[in-house]
Amino acid sequence: MDRLTAALVTWLASLPPWASLAVMTGVIVGTALLGVWLLRRMTAHETMRRHHDVAGFVFAAVGVIYAVLLAFTVLMAFEHHRDTEAATASEAGSLKAMVDLLGTTDSEQARATSDAIADYARLVVQEELSGSSRGESTPQTREAFTAIWV
């Protein structure tokens, strides 16, 4: 990805979802309208009239293809969301099991590890699940995770 594309993707990702949708829809519709306007300026009306019968079938085919691609996109987004939700639940369950096991012992190291787990869980909720990290671990969260095991 070149710099311009990376900057555009980063900018779109920083917008709220409704604003990203509005921007992308506006750009797509604007491009389509510009294309129609240019075509009508460069092509005679009689030339376009001969193609009216075929155009309906072409638009129907394009509409079906678009609907299928949109359905696949929505399905993939839901699958990604489901996988992310399952991974989050699995990690939370593992942390809970570790805290429960550490609670059966009464040692300073068990209390320190439980505190490290609590710090890690708090950072995950505050920084990663809040959406501020955009799918990447923050350095503080990585340090808190490492502190559990040392």
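Helices (H or I, at least four residues) and strands (E, at least two) are DSSP runs, numbered from the N terminus. The model is predicted: local features need pLDDT of at least 70, side-chain atom pairs count only at pLDDT 80 or more, and totals for chains, interfaces and linings use all residues. Residues are numbered from 1 along each chain as its sequence is written, and side-chain values use heavy atoms, with hydrogens and water left out.

**Exercise 1. Describe the fold and overall form of the chain.**

Step 1. Take the secondary structure. The chain has 6 helices and 0 strands. Along the sequence the pattern reads α-α-α-α-α-α.

Step 2. Compare the radius of gyration with the globule rule. The radius is taken over C-alpha atoms, and the rule is 2.2 Å times the number of residues to the power 0.38. The chain has a radius of gyration of 26 Å, well over the 15 Å that the rule gives for 150 residues, so it is more spread out than a compact globule.

Step 3. Add the spans. The C-alpha trace covers about 90 × 30 × 25 Å along its principal axes.

Step 4. Look at burial. Buried means under 20% relative accessible area, exposed over 50%, and partly exposed in between (1.4 Å probe, protein chains only). Of the 150 residues, 13% are buried.

**Exercise 2. State how confident the prediction is.**

Step 1. Know the scale. pLDDT is the predictor's confidence in each residue, from 0 to 100.

Step 2. Read the chain values. The mean pLDDT is 88, and 95% of the residues reach 70 or more.

Step 3. Find the extremes among the elements. Helix H2 (residues 17-42) has the highest mean pLDDT, 93, and helix H3 (residues 45-49) the lowest, 82.

**Exercise 3. Examine helix H5 and the core that it helps to build.**

Step 1. Check the length of H5. The expected span of a helix is 1.5 Å times one less than its number of residues. H5 has 21 residues and reaches 29 Å from first C-alpha to last, close to the expected 30 Å.

Step 2. List its buried residues. They are Ala 110, Thr 113, Ser 114, Ala 116, Ile 117, Tyr 120, Leu 123, Val 124 and Glu 127. Their cover includes helix H4 (52-102) and H6.

Step 3. Find the core. A nonpolar core is a set of buried Ala, Val, Leu, Ile, Met, Phe, Trp, Tyr and Cys residues joined through side-chain atoms within 4.5 Å. The largest one has 8 residues: Leu 95, Ala 116, Ile 117, Tyr 120, Leu 123, Val 124, Ala 144 and Ile 148. Helix H5 (108-128) and helix H6 (139-149) each supply at least two of them. H5 gives the largest share, 5 residues.

Step 4. Zoom in on Leu 123. A contact means heavy atoms within 4.5 Å. Leaving out residues up to four places away in sequence, Leu 123 touches Glu 128, Gln 140, Thr 141 and Ala 144.

**Exercise 4. Classify the aromatic pairs.**

Step 1. Set the rule. Rings of Phe, Tyr and Trp (its six-membered ring) pair if their centres lie within 6.5 Å; planes under 30 degrees apart count as stacked, over 60 as edge-to-face and the rest as tilted. The count is 2 aromatic pairs.

Step 2. Take Tyr 120 and Phe 145. Their centres are 5.4 Å apart with 55 degrees between the planes, a tilted pair. Tyr 120 lies in helix H5 and Phe 145 in helix H6, so the pair ties together parts that are 25 residues apart in sequence.

Step 3. Take Phe 145 and Trp 149. Their centres lie 6.1 Å apart and their planes stand at 70 degrees, so this pair is edge-to-face. Both residues lie in helix H6, 4 residues apart, about one turn of the helix.

Step 4. Join the results. Tyr 120, Phe 145 and Trp 149 form one aromatic cluster. Tyr 120 is buried at 8% relative accessible area, Phe 145 is partly exposed at 38%, and Trp 149 is exposed at 57%.
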